[in-house]
Amino acid sequence: MIKDYKEFKNYLEKIDINNKPKLLLHACCGPCSSYCLELLKKYFDITIFYSNDNISPKEEYQKRLDVISNFAKKYHDIKVIYDEYNNDDYNNKIKNHEHDGEKSIRCYLCYELRLEKTCVKAKELGFDFFTTTLSISPYKISKWINEIGYNLQKIYNVNYLYSDFKKEDGYKKSIELSCKYNMYRQDYCGCKYSKEERDKIKNDRIKEENNN
Ligand code: SF4
């Protein structure tokens, strides 16, 4: 089990790049995948898995899927696969935590839902590893993501690849890359609660400005 980012980087350098392991990379959107692909492509034979039942509304889910599919194919020649959108799975998973806010148990459960679906898919399709791009965001807790990943590794017997892609300015690089490729960047995390929370912040700011 890899303990930290330094070990992760050392591990990458030991990979035989003439015989790349097959990695199923869960991704939530094009911008988050941009830097992760640049980092990992040298070491792994990657397929992207878009499994994001959390995203609402459905049109937004579809928009992000279209963006990532076009980007991965056009610039990296990487295949994107996806599962059936099931927003009820997300709603059932986070039940009673809807209004806990970002970085709360709601998000832990949301990571778990998507990572478990990725792990199961990786097992079904015979991948050597699975991981996720989620950790690139400063709003996501990498410690939780890795805890969940390694728990799933034990349960399903599929190797989890350590994930902390915000390191070495990963988030900043992903923003630069999404500008370079003129990619759509959403302004909320994904679920309807994160959209409501974002809207409330915006409205509060407008009210405050009007009062000054
Ligand atoms: S804020 Fe993001 S990570 Fe948290 S529950 Fe909503 S979609 Fe999932």
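Let's start with the ligand. Which residues surround it? Going up the numbering, the list opens with Asn54, Tyr90 and Glu102. Then come Arg106, Cys107, Cys110, Tyr111 and Arg114. Lys140, Cys189, Cys191 and Ser194 complete the shell. Keep in mind that this is a predicted model.

Now sort that shell by class. Six of its residues are nonpolar, two are polar and four are charged. Which helix gives the largest share of the shell? Helix 5, residues 105-125, with five residues. And the space the ligand takes up? That space is the largest cavity.

Stay on helix 5 for a moment. Tyrosine 108 belongs to this helix. Is tyrosine 108 buried or exposed? Its relative accessible area is 15%, and the cut-off for buried is under 20%, so tyrosine 108 is buried. What does tyrosine 108 touch, beyond residues up to four places away in sequence? Trp144, Glu147 and Ile148. Isoleucine 141 is 33 residues from tyrosine 108 in sequence. In space, their C-alpha atoms are 8.5 Å apart.

Next, the nonpolar cores. The largest one has 57 residues. Which residues have the most contacts inside it? Phe8, Leu23, Leu40, Phe44, Ile46, Ile48 and Phe130. There is another core, apart from that one, with seven residues. Ile94, Leu109, Cys110 and Leu113 are among them. You have met Cys110 already, in the shell around the ligand.

Take isoleucine 48 as an example from the largest core. We leave aside its neighbours within four places in sequence. Its contacts then include Leu25, Ala27, Ser33 and Leu37. Further along the chain, isoleucine 48 is in contact with Ile68, Ala72, Ile78, Lys79, Val80 and Ile81.

Now some backbone details. Most residues other than glycine have a negative phi, and most peptide bonds are trans. Here are three places to look at with that in mind.

One is the peptide bond from serine 56 to proline 57. This bond is cis, with omega near 0°. Where is proline 57? In the loop between strand 2, residues 45-50, and helix 3, residues 58-76.

Next is aspartate 77. Its phi is positive, near 55°. Aspartate 77 sits in the loop that joins helix 3 to strand 3, residues 79-82. Buried or exposed? Aspartate 77 has 69% relative accessibility, and the exposed class begins over 50%, so this residue counts as exposed.

Then aspartate 169. Here phi is near 60°, again a positive value in a residue other than glycine. This aspartate lies between strand 5, residues 159-160, and helix 7, residues 170-180, in the loop. Its relative accessibility is 47%, so aspartate 169 counts as partly exposed.

Move on into helix 7. Lysine 173 is found there. At 30% relative accessibility, lysine 173 is partly exposed. What does this lysine touch, not counting residues up to four places away in sequence? Tyr35 and Glu168. Compare its position with leucine 40, one of the residues with the most contacts inside the largest core. Lysine 173 and leucine 40 are 133 residues apart in sequence. Their C-alpha atoms are 14 Å apart in space.

Last stop, helix 8, residues 192-211. Arginine 198 is in this helix. Is arginine 198 buried or exposed? A charged residue, yet buried: its relative accessibility is 16%, which falls under the 20% cut-off. Arginine 198 touches Asp187 and Tyr188, again not counting residues up to four places away in sequence. How far is arginine 198 from aspartate 187? They are 11 residues apart in sequence and 8.0 Å apart in space, C-alpha to C-alpha.

Isoleucine 206 is in helix 8 too. At 45% relative accessibility, isoleucine 206 counts as partly exposed. Now set isoleucine 206 against cysteine 119. Along the chain, 87 residues separate the two. Between their C-alpha atoms the separation is 43 Å.

To recap, go back to the ligand. Its space is the largest cavity, and helix 5 provides five residues of the shell.

Note on methods:
Residues are numbered from 1 along each chain as its sequence is written. This is a predicted model: local features need pLDDT of at least 70, side-chain atom pairs count only at pLDDT 80 or more; totals for chains, interfaces and linings use all residues. Side-chain values use heavy atoms; hydrogens and water are left out. A nonpolar core is a set of buried Ala, Val, Leu, Ile, Met, Phe, Trp, Tyr and Cys residues joined through side-chain atoms within 4.5 Å. Buried means under 20% relative accessible area, exposed over 50%, partly exposed in between (1.4 Å probe, protein chains only). Contact means heavy atoms within 4.5 Å. A residue is near a molecule or strand if one of its heavy atoms lies within 4 Å of it. On a 1 Å grid over the protein atoms alone, a cavity is a set of points where a 1.4 Å probe fits but cannot get out, and a pocket is an open set with protein on both sides within 12 Å along at least five of seven lines; lining residues have an atom within 4 Å of a point. A molecule sits in a cavity or pocket if more than half of its atoms lie within 2 Å of its grid points. Helices (H or I, at least four residues) and strands (E, at least two) are DSSP runs, numbered from the N terminus.
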